[in-house]
Amino acid sequence: MYIQKSGILLFFLLSILFCHTAHNQSITNNMKLWYNQPAAKWEEALPVGNGRLGAMIFGAPEQEHLQLNEETVWAGGPNNNINPETGKAIPEIRKLLSEGKYVEAQQLANNKVKSLNDGMPYQPVGDLMIQFPDHQNFTNYYRELDIANAVASVRYEVNNIQYKREIFTSFTDQVIIVRLTANKPGSISCNLSLQSPQKQHAVKATSDKLFLTGVTGDHEGQKGMIKFETQVLPILKGGTLSNNENRLIIKNADEVIIYLSIATNFNNYKDISGNQSERAASYLQNITKKDYSTLLNTHQDYYKKYFDRVKFDLGITDAIKLPTDQRLAQFATGYDPQLAALYFQFGRYLLISGSQPGGQPTTLQGIWNDKVSPPWDSKYTININAEMNYWPAEVTNLSELHDPLFKMLQDLSQTGKESAQKTYGAKGWVTHHNTDLWRMTDPVDGARSWGMWPMGGAWLSQHIWYHYIFTGDVKFLEKYYPVLKGASDFFIDVLQKESEHNWLIVSPSVSPENDYIKDKNVAITAGATMDNQLVYDLFSNTIRAAEILKKDADYQVLLQQKRTQLAPMQIGQHSQLQEWMQDWDDPGDKHRHVSHLYGLYPSNQISPYRTPELFEAARNSLNYRGDVSTGWSMGWKVCLWSRFLDGNHAYKLLTDQLSPAAVPGKQGGGTYNNLFDAHPPFQIDGNYGCTAGIAEMFVQSHDGAIHILPALPDVWKKGKISGLKARGGFEVDMEWENGNVTKLIIKSNLGGNCRLRLPNTLKAKGVKLKAAIGNNSNPFYEIPMIKQALISPKAQLKGLNLKETLVFDFKTKAGKTYSFVQ
């Protein structure tokens, strides 16, 4: 009797322990996307990647499908797309614009601005298919992507046998790894095959390996020249391995680990002399010397050194018990703050998985693409989208992952010299609204409202300055200063003097993708507001970089002189920030691009404290545009409303974004079930934009101070976030409750004055807070001194009603941490 009672007691205690452990696991590792059914389409599959390799995991029990990408698999070969006819037409287009003949200028641009090609598409490698005979009838299905550990997995039962798959793309060993296990020995039988949508490809099987070789496609007169090779090596415990035609057949194994390597002949944009076969083989040779646990641990250690820098806790509700697709469907009508935290961290996961030092930047679809001709070629669209991909890099503590964008900038500063010289007769370098693996730089897709926009280099170059002011890395600034200077050289040569005010303006150009004469599709213009803002920032950043590096004193003076002649921002008749030099804005215009608001975000020219009229006018412009938009545009609007210090409106946009895409009758974008952003179709920039926008809700450092909780939504009553970065090398941890900061920790990596803008008073531990007076003495917090805005007499500005904040200074030392409590 005693033994029986003891057994019952032991079972009871173990049950409590199991439940407690499971509960703790749900709290400590809730960074999972999970589903109770396989992916029925690509937008439901789960992404894994290591910057170079990407795979989409479908998870069907009867046939696993890994759709495969490698970052240098693009159509075409080394080329630039310059057509001499474009350069010949530009002076005449300028003349027509100066004469007010806008329709004629557009018609001429449409006829003459046609490059030799419109860039090459990013393309897939192919697919690994793993067929499991007799697994059609399954139970207890579960599929997940664990973004805290960068591993995807699938579990299910067939005939009372539990099967499991683990899949990851190794950061450290540069292969994709699939582990197949079962809880009964000898239960794993499957067939492995490879396929590809590429026209030129071949598959073969040897006694122990699968091979897929191929060449990328021809496109718009450019011959496909990227040679790629995939090698698949399965390692068995027990069972047998054989081949049959182009398949490998595994029978009755206890465990199978599949190693998949991919390589190409790409070295750089002008050199494709690499040996793809030797590279692919070398990855497999290196990996077979290591056991699975070592491969998994080193992969996760590498990943977590990035991912674990930021922790974000908004609390957990019962919604976490639902599959991710159901949580997405219910987000707008329920209360699921943890989904917002998961979505924020998913953006960071995608940046870590899609952009690694030394590699290529993330494309319009990151590194994940299943189409030979994807939407917009899945290129680098640099009139917003490529920049948006890297908005989270600095503020969410992933600075190193900015590196591929800087490497591409270096390339473009070389290839763009040809466009500057041949198309504009100018020094320096230029690129337009698109580029690709081959770093083409002339207009793409004709002139219309997108191609005739010579500002791509100006915008991309801002990221060099962002990286410097967040990290203080002078060696980095020295390395990339020639890129800044070359971009400035171009605009020194091409800026045109307009006749009425003698302002220096860019002509011809467009305000990206928007028309000002709608019924005639006229977009070609002179002096667009965004252009003026971009050139102002470019000149300012180049001047500051030269000052810091103590070089080019005369050049600094020249840029300062040019900067003073740039056109100011203007407030138009509808109390809006004008998008064009003339007061052409239509309050009914709902266009997805809000290019003239660049001056608010990501730039810092517009401020509620320094330029209140412009701030109000910019807010009016965004209100006119409305909330409904494409996915990436909603991501930008989350950032903008955060900069407008309106957390509730930013949260409303986040709610719109976190709604199921492709619903009948739905207007605008949204999110697919795998949490990919929907333009639609899939574009990854919306994910990155929303992650950056959520960060802006908690920390902003663009306006002379570290602003804590500048745009906290009312719905998030309590929470904590740690590891966000601010300019000047500061790292910020905080806790809040009911709109007040309850705990704040500032780590200073560079030292210097720290200015805090707070919603409530805090008590300092071991440091003296002083009321802030004048400008911040920290050089990383220098604010732009822009021209006074011109305001239409018809404008009716109402003034701002800002929440009261407290601004304090305190001195910091590099490497020291400072704590504050309410």
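**Figure 1. What covers helix α17 in this predicted model.** Here we look at helix α17, residues 647-657, and its surroundings. The elements that cover its buried residues include the helices α7 (337-354), α15 (612-625), α16 (631-643) and α18, together with the strands β23 (670-671) and β24. Helix α17 is mostly covered, with eight of its eleven residues buried. If you would like to pick them out, look for G647, H649, A650, Y651, L653, L654, T655 and Q657.

**Figure 2. A cis peptide bond ahead of P681.** Strand β24 and helix α18, two of the elements that help cover α17, come back in this view. P681 sits in the loop that runs between β24 (677-678) and α18 (685-698). The bond joining P680 to P681 is cis, and its omega is near 5°.

**Figure 3. Helices α12 and α13 packed against each other.** Helix α12 covers residues 474-494 and helix α13 covers residues 529-549; their axes lie 9 Å apart and make an angle of about 135°. That angle makes α12 oblique to α13. As for handedness, the two helices cross in a left-handed way. Sorted by class, the contact of α12 with α13 has 14 nonpolar residues, three polar ones and two charged ones. On the α12 side you will find V474, L477, E478, Y481, L484, K485, A487, S488, F491 and I492, and these meet V535, L538, F539, N541, T542, A545, A546, I548 and L549 of α13. When following such a list along a helix, it helps to remember that an α-helix has 3.6 residues a turn, so residues three or four places apart point the same way.

**Figure 4. The loops on either side of α13.** Begin with P508, which is placed in the loop between β21 (504-505) and α13. The peptide bond from S507 to P508 is cis, with an omega near -5°. Now turn to D552, in the loop between α13 and α14 (553-564). D552 is not a glycine, yet its phi is positive, at about 55°. With a relative accessibility of 27%, D552 counts as partly exposed.

**Figure 5. D134, a further residue with positive phi.** You can find D134 in the loop connecting β5 (126-131) with β6 (139-146). Its phi is near 65°, a positive value in a residue other than glycine. D134 is exposed, and its relative accessible area is 62%.

**Figure 6. V767 and its partners from elsewhere in the sequence.** V767 belongs to the loop between β31 (763-765) and β32 (770-771). Setting aside neighbours within four places in sequence, V767 is in contact with F810, K811, Y818 and F820. Take K811 as an example: V767 and K811 are 44 residues apart along the chain, while their C-alpha atoms are separated by 8.1 Å.

**Figure 7. The whole protein, to place the close-ups.** The protein has 18 helices and 35 strands. Its radius of gyration is 28 Å, close to the 28 Å given by the globule rule for 822 residues, so the protein is as compact as a globular protein of that length. The C-alpha trace spans about 95 × 65 × 55 Å along the principal axes. Of the 822 residues, 63% are buried. Among contacts between residues at least 6 apart in sequence, 71% join residues at least 24 apart.

Technical notes: Residues are numbered from 1 along each chain as its sequence is written. This is a predicted model: local features need pLDDT of at least 70, side-chain atom pairs count only at pLDDT 80 or more; totals for chains, interfaces and linings use all residues. Side-chain values use heavy atoms; hydrogens and water are left out. Axes are lines fitted to C-alpha atoms, for helices over the stretch in contact, and angles run from 0 to 180 degrees between N-to-C directions. Helices (H or I, at least four residues) and strands (E, at least two) are DSSP runs, numbered from the N terminus. Angles under 35 degrees count as roughly parallel, over 145 as roughly antiparallel, 65 to 115 as roughly perpendicular and the rest as oblique. A crossing is left-handed if the near helix is turned anticlockwise from the far one by less than a right angle, and right-handed if clockwise. Contact means heavy atoms within 4.5 Å. Ala, Val, Leu, Ile, Met, Phe, Trp, Tyr, Cys and Pro count as nonpolar, Asp, Glu, Lys and Arg as charged, and the others, Gly among them, as polar. The radius of gyration is taken over C-alpha atoms; the globule rule is 2.2 Å times the number of residues to the power 0.38. Buried means under 20% relative accessible area, exposed over 50%, partly exposed in between (1.4 Å probe, protein chains only).
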